[in-house]
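Student: Here's something I'd like to go through with you, one part at a time. Could you take a close look and talk me through what you find?

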Number of protein chains: 2
Amino acid sequence: MPPVNLREAIEEYGEVNGDLLMVDRFLNHRVDPEVMTAVGIDIATWLSGRNVDLLLTAEASGIPPALAASREMGIPMVYAKKYLGPGERYTFSREVSSPTKGTEYRVEVARRVLESGLRVAIVDDFLAGGRTAASLGEIAEEAGCEVVGAVFVIEKTFAGGRELLESHGWVVHALIGIVSLEGGGVRIAD
Amino acid sequence: MPPVNLREAIEEYGEVNGDLLMVDRFLNHRVDPEVMTAVGIDIATWLSGRNVDLLLTAEASGIPPALAASREMGIPMVYAKKYLGPGERYTFSREVSSPTKGTEYRVEVARRVLESGLRVAIVDDFLAGGRTAASLGEIAEEAGCEVVGAVFVIEKTFAGGRELLESHGWVVHALIGIVSLEGGGVRIAD
């Protein structure tokens, strides 16, 4: 039986590959339903009392935690699409460079699915440099929404993302903080 | 209140754009949690009795229905990744051409997340020409797994996908069949 607890899953199945933490056995390629349900509950718990109307994430690995939380909270979620090509009309979009993948891509949300006046929470699987999440928050604000929080399953606390998001005035939370991946070992914050 | 029923959601929010059925207000961009939970239950119901070990889908729009069904069934799901670049080692992969998007891409599953001997069901949001689903099934079989069914949220019954998948010997099911999009109207099968 796989562990139902996120921390246990990381300790048992997480693998370090250079400066990447591989969690593809249970979180972002193969998805364990019990771990993901627990993640959704934890995200929903942290967001409770913030009167969130909509969860905003980015494809593809943000979708499972955002959907799990959406189900707990009974509110819709929107996943931004990522494109390499030229932009389209009727969208909010931002260019994002990804040091992990060495590419530049565009996150895009159709205007028709993000109406103004909503209280939006950003959700994603990883917070590292924070570029994708910052783009999502900027898109939400451009749409006339308020960003009432940004929640991540796993934060690399040494990668600067939290500081970037807090500089926008957004409240940031992560379910698990990774303090270090040095020497191939995962050090989880207490 | 949004409709919780898939058919009602399509009738109320589905829009026809050329030969595309746009369901991005509730299914594949903005996701309605009640509709998606109902979809997961319907997929799980159809798959019950087939002793499924794992659900296999492709990013990004296959993830919500597969995750919703995964949760109902208490089994993991794997989403294949789509890439434009060159292939990597340690993966099962197939090239897929998409007439909808006018591109060619590769669906890829890491060998480490798909062990042999599993009973696998393919899940996706749309069945049209069936190229992506056929590639997923071929990947599962290459991995030494058995394809025990292929389930789709919406099938364009006029697009030939069912015939392609059945030619592989796989059993195919769709929650909703779209008979025609001619003249900008959605005709749903009884």
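Student: In which strand does B:Ile188 lie? Start there, please, and then carry on to the helix contacts, the salt bridges and the odd backbone spots.

Tutor: Some ground rules to start with. This is a predicted model, in which local features need pLDDT of at least 70 and side-chain atom pairs count only at pLDDT 80 or more, while totals for chains, interfaces and linings use all residues. Residues are numbered from 1 along each chain as its sequence is written, chains are lettered from A and ligands numbered from 1 in the order in which they are written, and side-chain values use heavy atoms, with hydrogens and water left out.

Now your residue. B:Ile188 sits in strand β11 of chain B, residues 187-188; strands here are DSSP runs of E with at least two residues, helices are runs of H or I with at least four, and both are numbered from the N terminus. With a relative accessible area of 16%, B:Ile188 is buried (buried is under 20%, exposed over 50%, partly exposed in between, using a 1.4 Å probe and protein chains only). Set aside the neighbours within four places in sequence, and B:Ile188 is in contact with B:Arg7, B:Ile10, B:Glu11, B:Ile176, B:Gly177, B:Ile178 and B:Val179, contact being heavy atoms within 4.5 Å. Take B:Arg7 from that list: B:Ile188 and B:Arg7 are 181 residues apart in sequence, yet their C-alpha atoms are 8.2 Å apart in space.

On to the helices. In chain B, α2 (residues 33-47) packs on α3 (residues 63-73) with the axes 8 Å apart and an angle of about 60 degrees. Those axes are lines fitted to C-alpha atoms, over the stretch in contact for helices, and angles run from 0 to 180 degrees between N-to-C directions. So α2(B) and α3(B) are oblique to each other; under 35 degrees would be roughly parallel, over 145 roughly antiparallel, 65 to 115 roughly perpendicular, and the rest is oblique. The crossing of α2(B) and α3(B) is right-handed, meaning that the near helix is turned clockwise from the far one by less than a right angle, whereas anticlockwise would be left-handed. From α2(B) the contact residues include B:Met36, B:Val39, B:Ile43 and B:Leu47, and from α3(B) they include B:Pro64, B:Ala68 and B:Met73. By class, that contact has 11 nonpolar residues, two polar and one charged (Ala, Val, Leu, Ile, Met, Phe, Trp, Tyr, Cys and Pro count as nonpolar, Asp, Glu, Lys and Arg as charged, and the others, Gly among them, as polar).

α3(B) also meets a partner from the other chain. The axes of α3(A), residues 63-73, and α3(B) come within 10 Å and cross at roughly 60 degrees, so α3(A) and α3(B) are oblique, and this crossing is right-handed. A:Ile63, A:Pro64, A:Leu67, A:Ala68, A:Arg71 and A:Glu72 of α3(A) make the contact with B:Ile63, B:Pro64, B:Leu67, B:Ala68, B:Arg71 and B:Glu72 of α3(B). Those residues divide into eight nonpolar, no polar and four charged.

Next, charge pairs. A salt bridge here is a side-chain nitrogen of Lys or Arg within 4 Å of a carboxyl oxygen of Asp or Glu, and there are 26 over all chains. A:Arg94 pairs with A:Glu138, closest N and O atoms 2.8 Å apart, and the two are 44 residues apart, in strand β6 (residues 91-98) and helix α4 (residues 131-142) of chain A. A:Arg94 is partly exposed at 23%, and A:Glu138 is partly exposed at 27%. A:Arg94 also bridges to A:Glu142, at 2.8 Å from N to O, so this pair ties β6 to α4 in chain A across 48 residues of sequence.

Last, the backbone. A cis peptide bond joins A:Glu59 and A:Ala60, omega about -5 degrees, and in chain B one joins B:Glu59 and B:Ala60, with omega about -5 degrees. A:Asn51 isn't a glycine, but has a positive phi of about 50 degrees; A:Asn51 is in the loop between α2 and β4 of chain A and is exposed at 56%. For B:Asn51, phi is near 55 degrees.
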